[in-house]
Amino acid sequence: MHCARIRTALSARLDGEELPPGLTDRRLDCHLSGCADCRHWQARAQALTADIGRAAAHAEGATASVDALLAGLRSRSALD
């Protein structure tokens, strides 16, 4: 199975959306158990979601917090 399709499904699962047709949670977990790249992608997606959630909760209208979040995200993507 192509990792791009798995990552689309992981994104849907992370967002609480339905999985694409033909994919199940078990199938995703099976792929993740054998694919380090997708496990890494999932961890980064979970971290990004958490960062955005924290920023949204603490930064309503606070430009400095948004700037700090963006700077952190840019530094993370530079490391990958």
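**Buried side of H1**

I looked up which residues of H1 are buried, working from a predicted model. The list is Ile6, Ala9, Leu10 and Ala12. I then checked how these buried residues sit around the helix axis: they cover an arc of only 160°, which puts them on the same side of H1. I set beside this a general point: an α-helix has 3.6 residues a turn, so residues three or four places apart point the same way.

**Length and end of H1**

I compared the span of H1 with what its 12 residues should give at 1.5 Å a residue. The expected span is 16 Å, and the end C-alpha atoms of H1 are 16 Å apart, which agrees. After H1 I found Gly16, and I noted that its phi is positive, near 75°.

**Salt bridges**

I looked for salt bridges next, and the count came to 2. For one of them I noted the side chains of Arg13 and Asp25, with 3.1 Å from N to O. Arg13 belongs to helix H1 (residues 3-14) and Asp25 to helix H2 (residues 25-34), so this pair links distant parts of the chain, 12 residues apart.

I also noted a salt bridge between the side chains of Arg13 and Asp29, again listed at 3.1 Å, N to O. Here Arg13 lies in helix H1 and Asp29 in helix H2, so the pair ties together parts that are 16 residues apart in sequence. I recorded Arg13, Asp25 and Asp29 as linked in a network of salt bridges.

Are the residues of this network buried or exposed? I read off a relative accessible area of 26% for Arg13, which makes Arg13 partly exposed, because buried would require under 20% and exposed over 50%. Asp25 is partly exposed at 41%. Asp29 is partly exposed, with a relative accessible area of 41%.

**The protein as a whole**

I stepped back to the full chain and counted 4 helices and 0 strands. From the N terminus on, I read the order of elements as α-α-α-α. Of the 80 residues in the protein, 20% are buried. I noted an accessible surface of about 5,600 Å², with 55% of that belonging to carbon and sulfur atoms.

Last, I looked at contacts in the protein with a separation of 6 or more. Residues 24 or more positions apart account for 44% of these contacts.

Notes. Residues numbered from 1 in each chain as written. Predicted model: local features only at pLDDT ≥ 70, side-chain atom pairs only at ≥ 80, totals over all residues. Heavy atoms only, no water. Helix = DSSP H or I, 4+ residues; strand = E, 2+ residues; numbered from the N terminus. Buried < 20%, exposed > 50% of the residue type's maximum accessible area, 1.4 Å probe, protein only. Contact = heavy atoms within 4.5 Å. Areas by Shrake-Rupley, 256 points an atom, 1.4 Å probe, with all protein chains shown as cover. Salt bridge = Lys/Arg side-chain N within 4 Å of Asp/Glu carboxyl O. Expected span 1.5 Å × (residues − 1). Arc of directions from axis to C-beta.
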